[in-house]
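The following exercises concern one protein structure. Each task is followed by a solution that proceeds step by step.

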Amino acid sequence: MGCGTSSATKDKKSEKALKAALVIQNWYRGYRARLKTRQRYALTIFQSIEYADEQGQLQLSNFFSFMLENYTHVQEKEPGLVTRLFGSSIQDKDRQDYLELIEIPDSYCGPRLQFPLTFTDIDLLIEAFKQQQILHAYYVLEVLFETKKVLQQMPNFTHTNTSPSKEITICGDLHGKLDDLFLIFYKNGLPSVTNPYVFNGDFVDRGKNSMEILMILFVSFLVYPNDLHLNRGNHEDFMMNMRYGFTKEILHKYKLHGKKILQILEEVYTWLPIGTIIDNEVLVIHGGISESTDLNLLHRIERNKMRSVLMPPIPMDGDRAEKKNKLGTTTVAQGIRTSGSFSEQLTKQEWEQVIDILWSDPRGKRGCYPNTNRGGGCYFGPDITSKILNKYQLKILVRSHECKPEGYEICHDGKVITVFSASNYYEEGSNRGAYIRMSSGTTPRFFQYQITKATCLRPLYQRVNAIESSAIRMLKERMISRKTDLIRAFQLQDRNKSGKLSMGQWAFSMENVLGLNLPWRSLSSHLVTTDKDGNIDYMSGFQDVHIQKPVKEVQSTLIETVYRYRSDLQIIFNIIDSDHSGLISMEEFRSMWKLFKSHYSVHIDDSQFDELAERMDLNKDGSIDFNEFLKAFYVVHKFDQLTKSDTKLA
C-alpha cells in the first residue's frame, strides 16, 4: 500500500512539473515570437524609409534633364557639368599627371605597397587596416589605375568554373562594414587560386570604411584576377556616393588628393563587370531580372558608357526629343549640345537592361511590374525567374541588394537566392550577415554571422528595444519633415475640428502623405496618443520632435521643405561644385533653388528663400558653404518616449 501511494504521489508531481514546464515553454515561445514580431516591424520601417530615399534619388535623373533645359548659364559657365552628366566618359588620364606631384613623406607609417602586387600585399593591407591605418593617396591612385587597366580587358560577364574540390564563395552587400569582411576572411580564408570569391556589388556607402573595403578587394583582384570576381552594384556609382556617404568619406580621409581619387574612381566603376556566371548554371547579379532581360544583349553592351544609374540617355544634339524613361515619367530634352554624341551613351534599351540588373527585386506575385518602392527596376515573380533561367539554360539566380534578417533568403522554388553580407546593417543587432559556398553538382551551403560588440552581452529584449527605438526615431523625423502636409490631411478628415480622428482615418492619412506602406495601426502606440474611445489626437505625433531653425524668422513650411529635400539639394550643389570647395555663388544658389522648386512643385515664395540665403552668407562674400547650410537643418527629439514606454509594436 505504502509503495503504491508513494508512486502515485511521484507521478502527480511529475505530471505537475511537466505541465509547469509546458506552460513556461509556451509562454517563452510566445514572448520570443512577440519580440521577433517587433523586430520585424522595426526592420520594415528601416527598409521602407531606405527604399523611399532611393526612390527620391532616382527621381533626380529627371531633375538633371530639366536643369539642363532651363539653367541658362550652365553651358556658358559650366560646360564640364553637361559633359559629366550626359556626355562621354572622361578621357584617359596619364597616370603621371596624377602621381608626379604626390610625395610620400618619411613620416608616413602606413602600409607601403610593392607593384606588381603579391599575396603579401593583401596581408599587409588587412593588418594595417585592422590597426586603423590609412593607405596613402599615392598607393590608392596606383591601385585604382591598375584595377582600371585590368578591368578594361574583362567581359561584361565573367565566367568561372568550380569542382567538388574547389568551391566558390559568394558575398553580398558589404556597404563599408570592414569588420564583416574581416570576419568572412577569418572564417572562410583569404582569396586565392584555390579559394575563389564573387563579391556581388555594393562594396561602398553607408558604412564608415568603404575605402578600406575597396582597397582590399581591388588589391586582391589584382593579385588573383581570375579567382576574385567583382560585380557592379547600384552603389558603385559616383552620384549614389554623393548621397550615401562614400564621397564624404574620401574627402575627409584624403583632404589633399580626394578630388583626384574621386575622378579616377568614377571611371573604375564603369568598367566593373555586371555579372558572373558559374559553371554555366548560376547567374550572379546584384539586383535581379525582368521579363525583357536579354543576356545576349547585356554581353554585348559597352558597359563603360553607364556613367550613373541616375543619368538616363538623352539625345545630345537636335532641337527636341521626348522620351519615357525607366522611372515611368516623361522628360524632354531641348537644344542640349555638348562635345559628345548620342553614340557615346548607351541606348535607352541598353540602359533599361542594366537598370533591371542592378535594381530589381523578387516577389511572390507572378509577373513583372514596376518596383514602386525603390523607383527603379522591377518586381519579378517566380514565372519570370523560370522563363529567363530556362531561356538561357541556367538553374539558379543569386542576387543581393536587399537586407534579410538572417543574411540570406531562398524564394521562387529555390531558384532565387538573396545573400546580404553586411550584418547590423540598419542598427546594432538588426540582422545577420551571410555568405554562400557552392560548387558544381552540390547544394549551396550558407554561413551566417553577426559582428557583436556592445550588444553581445545584452538580452534579446534589450536588443529589440534598441532597434525599435532607432526605427521609431527615423519615422518621427520623416513625419516632422511632412508636418504641414500631414496636418492638412488630418484636418480634411477632421470635419468637426475636434483634433481627433479614428484609427482608420489617421492610418489612411499617414499612408497617403508618407507612402511608406507601413502597418500604421500597429505603430500608432509609438507615434500618437489614443483616448479611451480609441480616437487619436493627431497633433500629439509632433509634440516631442521639431526641426531646428537656423534662422528664427523663416517660416516653418520652408524649413520642412529644405529638411525633406536636403539630400537631393546636397547632390545638386555638389554636382555644380566641380572643384569640391563646398562653396557656390549666391547667384547659382538662387538659380538652382528656383529650378528645383519649379520641378518638384514646391509652393514657396522666392523671397523667403532669398532671405534665408542672405542670412546664411555669414561673411557676406557672395558665396555659400552649402554643406554647412544644409547641416543647419536637423531634427531635435525633445525626449525619447520609447526608452520610458512599455508599449510594444505587437
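**Exercise 1. Describe the position and the surroundings of Glu 54.**

Step 1. Glu 54 belongs to helix H1, which spans residues 2–70. Helices (H or I, at least four residues) and strands (E, at least two) are DSSP runs, numbered from the N terminus. The model is a predicted one, in which local features need pLDDT of at least 70 and side-chain atom pairs count only at pLDDT 80 or more, while totals for chains, interfaces and linings use all residues. Residues are numbered from 1 along each chain as its sequence is written, and side-chain values use heavy atoms, with hydrogens and water left out.

Step 2. Glu 54 has a relative accessible area of 2% and is therefore buried. The term buried means under 20% relative accessible area, exposed means over 50%, and partly exposed lies in between (1.4 Å probe, protein chains only).

Step 3. Setting aside residues up to four places away in sequence, Glu 54 touches Arg 206, Asn 234, His 235, Tyr 244, Trp 359 and Arg 374. A contact requires heavy atoms within 4.5 Å.

Step 4. The side chains of Glu 54 and Arg 374 are joined by a polar contact of 2.7 Å. Such a contact is a pair of N or O atoms within 3.5 Å; within protein, one must be able to donate a hydrogen and the other to accept it, and residues adjacent in sequence count only if both atoms are side-chain atoms.

**Exercise 2. Identify the largest nonpolar core and the element with the largest share of it.**

Step 1. The largest nonpolar core comprises 110 residues. A nonpolar core is a set of buried Ala, Val, Leu, Ile, Met, Phe, Trp, Tyr and Cys residues joined through side-chain atoms within 4.5 Å. The residues with the most contacts inside this core are Phe 63, Phe 64, Trp 506, Trp 520 and Leu 527.

Step 2. Helix H1 supplies the largest share of this core, twelve residues.

Step 3. Another core, of 58 residues, lies apart from it and includes Tyr 108 and Met 154.

**Exercise 3. Determine how strand E2 is covered and with which strands E2 pairs.**

Step 1. Strand E2 (residues 168–171) is covered on both faces: Ile 168 and Ile 170 are buried on one side, and Thr 169 and Cys 171 on the other. In a regular strand the side chains alternate between the two faces of the sheet.

Step 2. E2 pairs with strand E15 (residues 433–438) in the antiparallel sense over four bridges; two strands pair if DSSP finds at least two bridges between them. Opposite Ile 170 stands Ile 436 in E15.

Step 3. With strand E3 (residues 197–199), E2 pairs in the parallel sense over three bridges. Cys 171 has Phe 199 in E3 as its bridge partner.

Step 4. From E2 the chain crosses through helix H7 (residues 178–188) to E3 in a right-handed β-α-β crossover. Right-handed signifies that, with the strands pointing away from the viewer, the path from the first strand over the helix to the second runs clockwise.

**Exercise 4. Is Ser 192 buried or exposed, and which residues does Ser 192 touch?**

Step 1. Ser 192 is located in the loop between H7 and E3.

Step 2. Its relative accessibility is 16%, so Ser 192 counts as buried.

Step 3. Ser 192 touches Tyr 224 and Asp 227, not counting residues up to four places away in sequence.
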